[in-house]
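Here are some notes for a colleague who is meeting this structure for the first time. Please read them with the sequence and the model side by side.

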Amino acid sequence: MSSSLTEPVAKTVIIEPSKEKSGGVVNVGPGVAKIKSEFLIVVNTNSQREKIVKLDELAGSSEPEVKRLKISGTNGECDGGDDNDDTELVEFGGGANSKEEDGATAKKKKDKPRGQNKPKDRPRPPKFLNENKLCPNLLDGKGSCMWASNCKFMHDIDKYLASKTDNIEGECYVYKKYGKCSRGLTCLYQTSHTDSEHVNMVNQPLWSEMQAEFEATHKFLLPKDKQIALRKRTFDFKEVEKIYSGNAPTTTPKSTELNGDTTKTLGAVTDADLVPLRVSEIKKIDWQDKLYLSPLTTVGNLPFRRLCVEMGADITCSEMSLATSILQGSTHEFALHRRHPSEKLWGVQLCASNGAVCAKAAHTLMECGIEYDFVDLNMGCPLDPIYRQGAGSGLMCRGNKFHSLVKGMTKVLAAKDKAFTVKMRTGIKMDKNIAHSYVEFCRDNGVSAVTLHGRTREQRYLRHADWNYIGTCAKIASPMALFGNGDVMSWDDYLQRKTISNASGVMIGRGALIKPWVFQEIKEQRDIDMTSSQRLELIRKYVNYGLDHWGSDSQGVGTTRKFLLEWLSFYHRYIPLGILEDPPQRINQRPEKYFGRDEMETLLASSNCNDWVKISEMFLGPVPDFFEFVPKHKANAWSNG
């Protein structure tokens, strides 16, 4: 196997929009999206008080200094802080008091929470006492509990309904779609599907038609007997162990007679462990020119994938799950692998540092009835806890482990008629690309497709993705499919990068979080100027899909709200097409301070976490008193009260 590039590739430059002075006032630097002057918010520093004015009103001003205003507690907030915070000015030009102001700003920024919240820093939802929960046998408002004398749940329906003060007005999406709400009286929309006697109503014709789909999409993914077998380590892995008995030669016992004595010999030694899979043994999947939604931790959940499939995504994949947690029978890990019927080509992404563990996890998922089309190996996760275990991007430092893992997984999945894919980064160290050698190995050992993110582990998401190198690896990968990933946010980005790299397809991650309709733009080859009402409708769909997936009771609504807020932390970054000077928006661009074409568009553009909570309340009702939201970045934390 060659460890060097087969041939040099001419450097092709990604076209970026030009940056010019606007009205002779503000010099827009790299990474800043140029906004039309009539939508800009600036501060007239010639006034004694801070006054918001439009940029075109200052075009002829001789004032040498123009500053942008961060309005604390209002739309457009960037620090997500308390409403009582002092106003912070970010300076663009020099002035007489610039040093004093710089010192004050530095002190202000020093107190600002920074970095990422670790799981232990995030609040967990409160646990409700069983005696305050309605007995599951009484969810429909009728029936009885055979263990009433020993049951720990509440059995007084009137008392339960009297204590249930968080009902939401409106129609229950689950009842409207399926004809029956399985949450019954615990549903926060229960007034829309219960009668005067507090009995859960059923639309029998609709329920008869939709019952099979409901049960298929809401079944338990981890049967109790399978979970017990996993935890007691009695789960049957003989089939996997037979295939994955590693790289030891396969032998067949043979009985022979020598000098009158019957002895058992090992027989002929085969080379099955050395011979790669034949092309005919690999599952055939048409990857060419497909649009692939990236596996996204936390935000790449089933409701979001449903939304992207409606917008034109061809391939979807589950969130990354740890193979070791699957083998421990973790219900949380299994919950990540629910597939919606609209996902026509769907895979599961596993993270592991050991081939046998990864193969057993893939086998376990299938034995539990989870039907996937392919298994994707995560070889790109840059997080330290994963990297230190030798998983994720840590596999790029452990060539022998990776080789053993690929050889075993391709054989295990080929026996199940499933494909095996790998997602990797260009390397570990900054500006040191090593992915081409791994791509070549994958090509020669039965991997169906490889996705290459055009950045190294150290880069994380800094700089532009290296699509020239992706193009080099695409040539090496042929005839195996190779997807490029990084910086695609519009059909123009897609066209440029597809032309440069000649990749089989493109995977889109952050671009889809910011504008899910990017898939529609690519397929129709046009820029779409989404109005605020259209963007709000996408949020409504996400909420409905969340209630369908997580449930419409208090716990389900809380989970839906949490993941909605996580998504809004990306969704607000979209800059409406109609207010851009140089459309389309690029993935690494941040806007100057601006207001939208209507109030709702301004609200949707706010980076203030308080405004995200307000948006969630439009669909899910007021947040409870105990609600607290702490996303991945500390600066966007929010608490009630």
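1. A definition comes first, since several points below rest on it: helices are DSSP runs of H or I with at least four residues, strands are runs of E with at least two, and both are numbered from the N terminus. Please also keep in mind throughout that this is a predicted model.

2. As an overview, the protein chain holds 21 helices and 21 strands, and of its 641 residues 49% are buried. When contacts between residues at least 6 apart in sequence are considered, 68% of them join residues at least 24 apart.

3. Helix 21, which covers residues 609-620, deserves a check of its length: at 1.5 Å a residue its 12 residues should span 16 Å, and its end C-alpha atoms are indeed 16 Å apart, so the two values agree. Helix 21 is also mostly covered, with nine of its 12 residues buried; among them are Trp612, Val613, Ile615, Phe619 and Leu620, together with Asn610 and Asp611. Just after helix 21 comes glycine 621, whose phi is positive at about 75 degrees.

4. Helix 18 can be read in a similar way, since its 19 residues, 532-550, reach 27 Å from the first C-alpha to the last, which is close to the 27 Å expected at 1.5 Å a residue. Here, too, a glycine follows the helix, for glycine 551, just after helix 18, takes a positive phi of about 110 degrees.

5. The second largest pocket has a volume of about 550 Å³, and of the 26 residues that line this pocket, the closest to its centre are Val447, Ser448, Pro479, Met480 and Ala481. Which elements each supply at least two residues of that lining? They are helix 13 (435-444), helix 14 (467-477) and strand 17 (481-485). Sorted by class, the lining of the second largest pocket consists of 12 nonpolar, eight polar and six charged residues.

6. Turning to the record, an unreviewed UniProt entry lists residues 129-158 and 171-196 under "domain: C3H1-type", and residues 129-158 and 171-196 are also listed there under "zinc finger region: C3H1-type". Such annotations may be inferred rather than shown by experiment. In the model, the span 171-196 is 23% helix and 0% strand, and its end C-alpha atoms lie 16 Å apart.

Terms used
Residues numbered from 1 in each chain as written. Predicted model: local features only at pLDDT ≥ 70, side-chain atom pairs only at ≥ 80, totals over all residues. Heavy atoms only, no water. 1 Å grid on protein atoms, 1.4 Å probe; cavity = no way out; pocket = protein on both sides within 12 Å on 5 of 7 lines; lining within 4 Å. Points joined across faces, edges and corners; volume = space filled by probe spheres on them. Nonpolar A, V, L, I, M, F, W, Y, C, P; charged D, E, K, R; others polar. Expected span 1.5 Å × (residues − 1). Buried < 20%, exposed > 50% of the residue type's maximum accessible area, 1.4 Å probe, protein only. Contact = heavy atoms within 4.5 Å.
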